[in-house]
Amino acid sequence: MCLSLLASAADASGKFGFVATEGQIRAQRKEHPISLNGRAKSGTRRVTYWHHASFPKPDPLKKRLPIATSSIHALRKAVGQVSTSAHQRYRRHVLLKLLEITGARRAEVALISTKSICDADAMQRPMLRIATLKKRSENAPFRLVPVSRADLAFIKVYIDVYRRSIVRRQLKGKQDHGLLLVSERTGDPLNANTLTQEIKDLAKAANISQKACPHMF
C-alpha cells in the first residue's frame, strides 16, 4: 500500500518511474489471480500489487510442528529392538543425537566429518562445524553450532570403537573418506536418503502414529 501511494504521488508530480524495477525505489509490479466467490469455476480476476525485495516470504499454507520429545524417546527405545549389530545400534543412537542437538538437515548430517567432531572437542567452548546446504547469497558455506562436551564424548566412542573397526576391515588400506556415519557392509559414508530410511524404520518399529523424518528435529 505504501509503495502504491509513493508510485501514485510520483506519477502525479511527473516523476514517472520513481517506483520501478530500475527506479529510485526498486520494486516490481506483479499480478495475482483470485478466484471469484472462492471457487475457480466462478471465474477469476487479476489483482496488481507492488513487490519489494525486502518483503518477507509468505508463511507456508501447511505448517508442520517439530517431532515430539516422547517420539524421540520412542525412537531411541526402538533402536535396541530392531538393530542387528552393535555398530548399527550405536550408529543409530549417534544419528538421533546429531539430529536432536544440531537441528541440521539430513544431507548436512551426512556431511559431518570425524575431523569436525574432534575439532569441536578440542575447543574451550565446543562448536560443531556443519555445512549450510540451503543457501542464500548472504549465507556462509558452513555454520558453527554449540554442542556439549558430553554429547561429543558419546559420538567419539562411535568414531574410536565402532567406526574405526568397520573402516579398517572394509576399506582395507584405502584412504579414509573422513565422513562420520558409515555403512557396516561397505565402509562407505551413508547418504541422505539412507538417513531418512533409518528414521522411517525406527518410527515403524516404535509404532509412532505421527510423521517422523530427519527434518522434523
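# Getting to know this model

User: Is lysine 172 buried or exposed?
Analyst: Lysine 172 has a relative accessible area of 69%, and keep in mind that this comes from a predicted model. The cut-off for the top class is over 50%. Since 69% clears that bar, lysine 172 is exposed.

User: Where does lysine 172 lie, and what is its phi?
Analyst: Look past H6 but before H7, and you'll find lysine 172 in the loop between those two helices. Lysine 172 isn't a glycine, yet its phi is positive, at about 50°.

User: Which other residue, not a glycine, has a positive phi, near 55°?
Analyst: For this one, go to the segment after H7. The residue there is exposed, with a relative accessible area of 68%. The residue with phi near 55° is asparagine 207.

User: Let's go inside. Which helix gives the largest share of the largest nonpolar core?
Analyst: That core has 39 residues, and Leu180 and Leu181 have the most contacts inside it. Several elements each supply at least two of its residues, among them helix H2 (69-82), helix H6 (149-170), helix H7 (192-205) and strand S5 (127-131). The largest share is six residues, and they come from H3.

User: How many residues are in the second, separate core?
Analyst: This core is separate from the one with Leu180 and Leu181. Among its members are Leu3, Ala7, Val19 and Trp50. Its residue count is five.

User: Back to leucine 181: leaving out residues up to four places away in sequence, what does it touch?
Analyst: Leucine 181 is one of the two residues with the most contacts inside the core of 39. Setting aside residues up to four places away in sequence, leucine 181 touches Asp188, Pro189, Leu190 and Leu195, and also Arg91, Val94, Leu95, Val109 and Tyr158.

User: Is glutamate 108 buried or exposed?
Analyst: You'll find glutamate 108 in helix H4. Buried means under 20% relative accessible area. Glutamate 108 comes in at 0%, so it counts as buried.

User: Which side chain makes a polar contact of 2.8 Å with the side chain of glutamate 108?
Analyst: Start with what glutamate 108 is in contact with beyond four places in sequence: Ile130, Ala131, Thr132, Leu133, Lys134 and Arg143. A polar atom of its side chain also lies 2.9 Å from a backbone nitrogen, that of arginine 105. The side-chain partner at 2.8 Å is arginine 143.

User: How far apart in space are glutamate 108 and asparagine 191, C-alpha to C-alpha?
Analyst: Along the sequence, glutamate 108 and asparagine 191 are 83 residues apart. In space, C-alpha to C-alpha, the value is 9.9 Å.

User: Why does H2 count as roughly perpendicular to H7, or is it roughly parallel?
Analyst: Two packed helices are described by the angle between their axes and the distance between the axes. The axes of H2 and H7 come within 8 Å and cross at roughly 90°. That angle sits in the 65 to 115 range, which makes the two helices roughly perpendicular.

User: How many charged residues are in the contact of H2 with H7?
Analyst: On the H2 side you have Leu75, Ala78, Val79, Gln81 and Val82, and these meet Ile199, Leu202, Ala203 and Ala205 in H7. Eight of the contact residues are nonpolar and one is polar, while the count of charged ones is no residues.

User: Is aspartate 151 buried or exposed?
Analyst: Aspartate 151 is found in helix H6. Lys97 and Ile101 touch it, leaving out residues up to four places away in sequence. Its relative accessibility is 16%, so aspartate 151 counts as buried.

User: What does histidine 215 touch, not counting residues up to four places away in sequence?
Analyst: Histidine 215 sits in the segment after H7, and with a relative accessible area of 46% it is partly exposed. Its C-alpha is 11 Å in space from that of valine 109, though they are 106 residues apart in sequence. Not counting residues up to four places away in sequence, histidine 215 touches Arg64, Arg105 and Arg106.

User: How far apart in space are leucine 6 and threonine 186?
Analyst: Leucine 6 lies in helix H1 (residues 2-12), where it touches Val19 and Ile25, not counting residues up to four places away in sequence. Leucine 6 and threonine 186 are 180 residues apart in sequence, and their C-alpha to C-alpha distance is 64 Å.

Methods: Residues are numbered from 1 along each chain as its sequence is written. This is a predicted model: local features need pLDDT of at least 70, side-chain atom pairs count only at pLDDT 80 or more; totals for chains, interfaces and linings use all residues. Side-chain values use heavy atoms; hydrogens and water are left out. A nonpolar core is a set of buried Ala, Val, Leu, Ile, Met, Phe, Trp, Tyr and Cys residues joined through side-chain atoms within 4.5 Å. Buried means under 20% relative accessible area, exposed over 50%, partly exposed in between (1.4 Å probe, protein chains only). Helices (H or I, at least four residues) and strands (E, at least two) are DSSP runs, numbered from the N terminus. Contact means heavy atoms within 4.5 Å. A polar contact is a pair of N or O atoms within 3.5 Å; within protein, one must be able to donate a hydrogen and the other to accept it, and residues adjacent in sequence count only if both atoms are side-chain atoms. Axes are lines fitted to C-alpha atoms, for helices over the stretch in contact, and angles run from 0 to 180 degrees between N-to-C directions. Angles under 35 degrees count as roughly parallel, over 145 as roughly antiparallel, 65 to 115 as roughly perpendicular and the rest as oblique. Ala, Val, Leu, Ile, Met, Phe, Trp, Tyr, Cys and Pro count as nonpolar, Asp, Glu, Lys and Arg as charged, and the others, Gly among them, as polar.
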